[in-house]
Structure formats: structure tokens, C-alpha cells
Amino acid sequence: ESAHSLGFDDLWYSVMEVDPPQVFYDIDVSLARPDDPAASWQKVSYNEETLRLNHQQPLAATADRALEVQLVGDLASATAPYSFESKYLV
């Protein structure tokens with residue numbers, strides 16, 4: 001048999017499987033500490049630092065390690081994202 005009489009459409013299709021949903025987040029902790037704690041409140045200047053926490057980095061510390069912050073718990077949403085695991089994207 002021969003396929004010489006088959007015609008192909010110009011439109012091509014791709015099928016992809018959808019993975020389980022994932023939730024990503026970043027939590028920024030901003031700190032402001034006085035440069036000189038003994039200075040008068042009228043002449044104080046602050047040193048600001050930001051620490052970033054997320055699911056891959058649940059622990060962060062200031063440069064001088066004077067303060068360390070840590071995520072506790074999973075921070076899961078009260079409502080889970082809709083799952084498309086058993087579906088295909090065409």
C-alpha cells in the first residue's frame with residue numbers, strides 16, 4: 001500500500017503532560033539597626049539589611065550573624081491549587 005494520496009494539515013499539534021502544582025514564594029525580612037546605639041535619637045543613622053527566605057533557603061542570617069531568621073512550618077496555602085495531573089495540554 002502507498003501513502004501518496006495523504007494530505008497533511010499545516011497546523012501541527014503538541015501534547016504535553018501537566019506536572020503536579022508547585023507553590024513558590026520569597027519572604028523578605030528588612031532590618032534597620034542604628035549605626036551607633038549610644039547616639040542621640042535625633043542624630044541616629046540606620047544600617048539597613050534585607051534577608052530573603054524561601055522554600056529552598058529556609059534559614060538566613062545577617063552579615064555579622066547577629067540575627068538569624070528561620071522559616072518554621074510549610075506555609076501551605078489554605079486552598080490547594082487545582083491539580084491537572086491527570087490532564088494533557090494540547
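**Exercise 1. Identify the residues that make up the nonpolar surface patch of about 630 Å², and state whether V90 is buried or exposed.**

Solution. The patch is formed by L11, Y13, V15, Y88 and V90; patches consist of residues with over 30% relative accessible area and no salt bridge, like charges being joined within 9 Å and nonpolar side chains (Val, Leu, Ile, Met, Phe, Trp, Tyr) within 5 Å. Next, V90 belongs to the segment after β6 (88–89), where strands (E, at least two residues) and helices (H or I, at least four) are DSSP runs numbered from the N terminus. Finally, V90 has a relative accessible area of 72% and is therefore exposed, given that buried means under 20%, exposed over 50%, and partly exposed in between (1.4 Å probe, protein chains only).

The model is predicted, with local features requiring pLDDT of at least 70 and side-chain atom pairs pLDDT 80 or more, whereas totals for chains, interfaces and linings use all residues. Residues are numbered from 1 along each chain as its sequence is written, and side-chain values use heavy atoms, leaving out hydrogens and water.

**Exercise 2. Determine which backbone nitrogens the side chain of N54 reaches.**

Solution. Begin with the setting: N54 is part of strand β3 (residues 46–54) and, with 13% relative accessibility, is buried. A polar atom of the N54 side chain lies 2.9 Å from the backbone nitrogen of Q56, and the N54 side chain also reaches the backbone nitrogen of Q57 at 2.7 Å. Leaving aside residues up to four places away in sequence, N54 touches Y25, D26 and L71, contact meaning heavy atoms within 4.5 Å.

**Exercise 3. Work out which strands are linked by the salt bridge between R52 and D28, and by the one between E49 and R33.**

Solution. The structure has four salt bridges, each a side-chain nitrogen of Lys or Arg within 4 Å of a carboxyl oxygen of Asp or Glu. One of them joins the side chains of R52 and D28 at 2.7 Å, N to O. This pair connects distant parts of the chain, R52 being in strand β3 and D28 in strand β2 (residues 26–34), 24 residues apart. R52, at 44% relative accessibility, is partly exposed, and D28, at 42%, is likewise partly exposed. The side chains of E49 and R33 meet at 3.7 Å, N to O, and this pair again links distant parts of the chain, with E49 in strand β3 and R33 in strand β2, 16 residues apart.

Terms used: Areas by Shrake-Rupley, 256 points an atom, 1.4 Å probe, with all protein chains shown as cover. Polar contact = N/O pair within 3.5 Å; in protein donor to acceptor, adjacent residues only side chain to side chain.
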